[in-house]
Amino acid sequence: MIPLIPAPPPELYESGPVLLRPAALQPLPATLPRPPGVRPLRPQLWLVATDAHRDTAARYASLVLDAAELARAEEFRRPGDRATYLCAHVGLRRLLGAHLGVAPRSVTMERAPCPCCGEAHGRPVLPDGRLHFSLSHCEGLSLIAVAAGPVGVDIERVPPPHLVTEAAEVLHPAEAAELAALAEARVPDAFARVWTRKEAYLKGLGVGLGADPAAEYVGAGPVPAAPPGWYLADVAVPDGHHAAVALLR
């Protein structure tokens, strides 16, 4: 069976750091048995390593992805970015297909209305709302979440110091103060931690970076500060990266 990665009970968020561990998705042509149904506060998380999936994702992409996804893949100029995109989206369709009991290419996805403007460019959803999902990728790695309610994930490389200086200006004032209090060598790692938490939460809302990243405080320290009505946790990923998942209660 596909491993179930349980979200911790609410009290753990108040007692110390929480680190969820994703399962490694097996490359094609391995079949995925239909997993048990997701439950509230039980997100299922998978990590997709591009190096492990690159060849089979490219080979099966035309049989798994729809025309829009294939066209989007061709827009990437860098081969590594294209490979990561293919691995991520082939992996997502395989997992959703396993949950729904259908072929991966038969999975129909659409965009939810944007909470900010009402237009159909919110987070990707399944038409019947039986499952919620989120996908994030950076070069070399992708993170996928499936849950019973709105969920968001983000994975990022730890940025170089000069990029942190520029990007820190868009954080919540309290988060910026937390970064400023750290030794210089620790700032990039802490910035990646707070930024992935923030993006996971905004993706769970369905607004992404269309909302003001400074509006909500999620914390740059070891323990996430979940916005009201949400659970927020860091996710264990390879060194040099940070990841987080946000789930509506």
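The following exchange examines how several labels in this predicted model are justified.

User: Why is the count of disulfides zero?

Analyst: A disulfide requires two cysteine sulfur atoms within 2.5 Å. The sulfur of Cys87 has its closest cysteine sulfur in Cys138, 12 Å away, which is too far for a bond. The count of disulfides is therefore zero.

User: What makes Cys87 and Cys138 buried?

Analyst: The label applies under 20% relative accessible area. Cys87 has 2% and Cys138 has 10%, so each counts as buried.

User: Why is the contact of Arg78 with Asp81 called a salt bridge?

Analyst: The criterion is a side-chain nitrogen of Lys or Arg within 4 Å of a carboxyl oxygen of Asp or Glu. The closest N and O atoms of Arg78 and Asp81 are 3.8 Å apart, so the pair qualifies.

User: Are Arg78 and Asp81 buried or partly exposed?

Analyst: Partly exposed is the label between 20% and 50% relative accessible area. Arg78 has 47% and Asp81 has 22%, so both are partly exposed.

User: How do you know that Glu175 forms a salt bridge with Lys198, and which parts does the pair tie together?

Analyst: The closest N and O atoms are 2.8 Å apart, and the limit is 4 Å. Glu175 lies in helix α5 and Lys198 in helix α6, so the pair ties together parts that are 23 residues apart in sequence. Both Glu175 and Lys198 are buried.

User: What makes helix α3 mostly covered?

Analyst: Of the 22 residues in α3, 19 are buried. The helix spans residues 79–100.

Terms used:
Residues numbered from 1 in each chain as written. Predicted model: local features only at pLDDT ≥ 70, side-chain atom pairs only at ≥ 80, totals over all residues. Heavy atoms only, no water. Helix = DSSP H or I, 4+ residues; strand = E, 2+ residues; numbered from the N terminus. Expected span 1.5 Å × (residues − 1). Buried < 20%, exposed > 50% of the residue type's maximum accessible area, 1.4 Å probe, protein only.
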